[in-house]
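Student: I've got a model open and I'd like to talk through the labels people put on it. Can we start with one residue and work outwards?

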Amino acid sequence: MNNLLGPFSWSTLPVFFHSGNSSGIWNQEALSEIGRYSMVTFEKAHANKNRKGRQEHILPGECARVKKAATNSSTVAMYYLNSVFDWPFYELHDLMLENPKWRLKDVDGKDITITGKPDGAWCFNLSIPELREYWILDCLQAVADGCDGCYIDRSNNMTQVSVQSMSKEDSIRFELAHMETLSELNRRLADIGSFAISNNQGIPAEGTVMMMFEDFAASEHCIRSLQLAAGRNLGVQAHAGDIVDDGTNATENGCGH
């Protein structure tokens with residue numbers, strides 16, 4: 001990971017920045033603060049309330065602004081992309097509108113949505129080769145347009161999908177295609193000297209070099225998970241979570257994804 005994020009020292013651990021400003025793009029005061037960090041990852045809702053275009057056109061510009069403001073001239077800025085949920089503020093959503101067969105279906109053949117509403121955000125059926133290629137290209141284009149890599153959300157957490165009834169056959173097909181897609185993205189990013197951050201806390205896709213633990217806390221479980229990741233030579237972005245106020249140092253989701 002040293003080649004990707006610059007020099008590393010146990011005496012001064014790197015501190016990363018993971019957030020998003022839903023009210024609009026970062027102002028100069030915010031950029032001055034954010035630019036102090038060695039790595040910045042965006043969240044999906046960045047600039048959501050005053051959106052001027054889709055995230056494919058907003059986030060690469062924000063990556064470039066962060067890197068320009070960096071005080072150490074080596075800040076890494078990461079694009080946000082979800083590997084399961086079809087957020088409607090991405091251009092990928094237009095393709096999902098045009099191609100209903102690209103959406104995951106339940107056992108009754110109905111679209112699976114995050115909100116449960118017919119017009120809600122759907123879920124990518126990455127077993128369809130055309131959709132898989134468009135999804136991978138979305139990340140690669142963001143890198144070409146100014147970001148250093150991609151933060152891939154929902155890399156291994158299917159909770160909100162699996163609670164809705166998919167057929168066993170479709171579920172197996174989806175799981176395999178999902179991991180194959182992540183592995184292919186890792187390979188293609190490596191070919192251009194880039195990388196993805198996976199929020200995967202389970203079995204990493206082939207070629208995974210860095211992951212995020214969401215809702216990290218100083219609990220035995222989280223620390224052990226961090227040690228296991230380090231033992232596999234994986235870089236980790238430990239994202240501080242919402243601490244449960246009971247003195248246990250636990251978080252709501254126990255290291256999240």
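Tutor: Sure. Asn-82 touches Trp-87, Phe-124, Trp-135, Asp-153 and Arg-154, leaving aside residues up to four places away in sequence. Contact here means heavy atoms within 4.5 Å. This is a predicted model, where local features need pLDDT of at least 70, side-chain atom pairs count only at pLDDT 80 or more, and totals for chains, interfaces and linings use all residues. Residues are numbered from 1 along each chain as its sequence is written, and side-chain values use heavy atoms, with hydrogens and water left out.

Student: Why is Asn-82 called buried?

Tutor: Buried means under 20% relative accessible area, exposed over 50%, partly exposed in between (1.4 Å probe, protein chains only). Asn-82 has 2%, so it counts as buried.

Student: What makes the approach of the Asn-82 side chain to the backbone nitrogen of Phe-85 a polar contact?

Tutor: The cut-off is a pair of N or O atoms within 3.5 Å; within protein, one must be able to donate a hydrogen and the other to accept it, and residues adjacent in sequence count only if both atoms are side-chain atoms. The Phe-85 nitrogen is reached at 2.8 Å, and the backbone nitrogen of Val-84 lies 2.9 Å from a polar atom of that Asn-82 side chain.

Student: How do you know that β2 and β3 pair?

Tutor: Two strands pair if DSSP finds at least two bridges between them. β2 (residues 39-42) and β3 have 3 and run parallel, so they qualify. In one bridge, Met-39 partners Val-76 of β3.

Terms used. Helices (H or I, at least four residues) and strands (E, at least two) are DSSP runs, numbered from the N terminus.
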